[in-house]
Amino acid sequence: MNTKAQKVLILGAAGRDFHDFLTWFRDRPEWHVVAFTAEQIPGIAGRCFPAALAGERYPEGIPIHPEAQMAQLIAEHDIGWVCLAYSDLSHQTVMDKASRALAAGAKFLLLPGRDTWVAAAKPVIAVTAVRTGCGKSQTARAIGRLLRARGRRVVAIRHSMPYGPDLTLQACQRFGHVADFARHHTTIEEEEEYQPWLDHGFVVFAGFDYRQIVPLAAAEADVLVFDGGNNDQPMVAPAVHVVVVDPHRAGHETTYYPGFTNLLTADVVVVNKTDSAEPQAVDACERAVRAQRPGVAVIRAASVIEGPAAAVRGRRCAVIGDGPTLTHGGMAFGAGTLFVQRNGGELVDPRPFLVGALRATLQQYPHLGREIPAMGYSEQQIADLAASVDAVPADVVVDGSPADLGRVLRCNKPIVNVRYELDDASARRLLAAIDAVRVF
């Protein structure tokens, strides 16, 4: 280690933190990363970022500690800088972390996304959001479908989410078929993001080393679509930046990090879910966008929910929803709840019947309503999810997560899959707005 190097602690959640390390810190001798911390994602703390990926300056790899140990780590290692490198945090939470770092004697650092962009040989449309669960992926897929109809080869690149046990196997991954899930040992949370792309016949690349991912994806594509995660900034340099806002959480477009940064750098803004949100909330979202970005193109879009209505009509329904959207995303309901309500089903409150990791999740996120978050970061969590669903007095399970839980969840009730996509008219208006910036 360079004795004059600035010691850094990276606060992360197994994604942006690893990307920032690889693109900004790893090969700069003026910085030395002492450790990562982990938050939001269970099972990350206690691992080690492997030496094989960390480079010759880190022959023992880099340890990953719980974020709760931040002040202790600063004191023990005389750390001079704390770099925040994860997303979907309220501005209040960001400044809470900054204040604790400053109180412990360290400086606080936020890296602009553009400082860590990986350039692509093919044009990139990046789709991000102001919060997790706004509908980024359905927006990204709609763009992909319309470009494919133009004869363009489209490949998706997914935001980093390496949640498996061996990071050396997750630096660069290609998914062309559901069989690849077993090959890459994916979690439910990963499959939630990849499955819908595969269902539409697209190849999706994932992992966390975009210096490997981007050239391989570009070799198969005319246009790359970056499908963002949480409300994080793009990791690949975009030719066009599309940002999605959610009127179910009106007001959040300017109060969450780094979603507000995305809004301030957007080329096109999509106000999604106009078919299910209150009209006043839709108007409030658009006013907030135009107040910050007076000249930006704003597209109002509907999120169509598809599924077999007869399967829920008159039946007691246990609903499973997208995990991150329901937990740190702050939503109490999702597409599954809306589908049941619109089609004459009865929502059963699952909260008294949750067990194991699901009960712990409920205690951590007391806002959770009548949807069970699809927590599946480990085999134990998948078992707890199945046991919880088995215990709920329902006739049918409505899977409103993007993953096909019927492949991995063994329970005593039939599972009905519900999907949501950007409607065609909204997608065409969006592509027209993108064309006004750059024609693909």
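The following paragraphs describe the sheet of this predicted model, the helices packed on it, an aromatic pair and an internal cavity.

The sheet is a suitable place to begin. It is open and consists of six strands, arranged in the order β3-β4-β2-β1-β5-β7, with mixed pairing. At its edges lie β3, residues 48-49, and β7, residues 107-109, each of which pairs on one side only.

The individual pairings show how parallel and antiparallel neighbours are combined. Strand β3 runs antiparallel to β4, and two bridges join them; within this pairing, F49 has I62 in β4 as its bridge partner. Strand β4 in turn pairs with β2 in the parallel sense, over three bridges. Here T37 is matched with H65 of β4 as its bridge partner. Elsewhere in the sheet, β1 (residues 6-12) and β5 (residues 81-84) run parallel and are joined by four bridges. One of the residues concerned is L11, whose bridge partner in β5 is L84.

Two helices that pack on this sheet can now be added to the picture. Helix α1, formed by residues 16-25, touches β1, β2 (31-38), β3, β4 (62-66), β5 and β7. The direction of helix α1 makes about 175 degrees with that of β2. Helix α4, formed by residues 91-103, also packs on the sheet, where it touches β1, β5 and β7. Its direction makes about 145 degrees with that of β7.

Aromatic side chains provide a further view of the structure, which holds 15 aromatic pairs. Among them is the pair of F21 and F36, which is edge-to-face, with 5.9 Å from centre to centre and 75 degrees between the planes. This pair links distant parts of the chain, since F21 belongs to helix α1 and F36 to strand β2, 15 residues apart.

The last topic is enclosed space. Rolling a probe the size of a water molecule over the atoms shows where empty space is left. A search of the whole structure finds one cavity of 30 Å³ or more, and the volume of the largest cavity is about 60 Å³. Which residues line the largest cavity? The lining is made up of R16, D20, L84, A85, Y86, L111, D232, Q233, Y257 and P258. By class, six of the lining residues are nonpolar, one is polar and three are charged. The lining also refers back to the sheet: L84, one of the lining residues, is the bridge partner of L11 in β5.

Methods: Residues are numbered from 1 along each chain as its sequence is written. This is a predicted model: local features need pLDDT of at least 70, side-chain atom pairs count only at pLDDT 80 or more; totals for chains, interfaces and linings use all residues. Side-chain values use heavy atoms; hydrogens and water are left out. Two strands pair if DSSP finds at least two bridges between them. Contact means heavy atoms within 4.5 Å. Axes are lines fitted to C-alpha atoms, for helices over the stretch in contact, and angles run from 0 to 180 degrees between N-to-C directions. On a 1 Å grid over the protein atoms alone, a cavity is a set of points where a 1.4 Å probe fits but cannot get out, and a pocket is an open set with protein on both sides within 12 Å along at least five of seven lines; lining residues have an atom within 4 Å of a point. Grid points are joined across faces, edges and corners, and a volume is the space filled by probe spheres set on the points. Ala, Val, Leu, Ile, Met, Phe, Trp, Tyr, Cys and Pro count as nonpolar, Asp, Glu, Lys and Arg as charged, and the others, Gly among them, as polar. Rings of Phe, Tyr and Trp (its six-membered ring) pair if their centres lie within 6.5 Å; planes under 30 degrees apart count as stacked, over 60 as edge-to-face and the rest as tilted.
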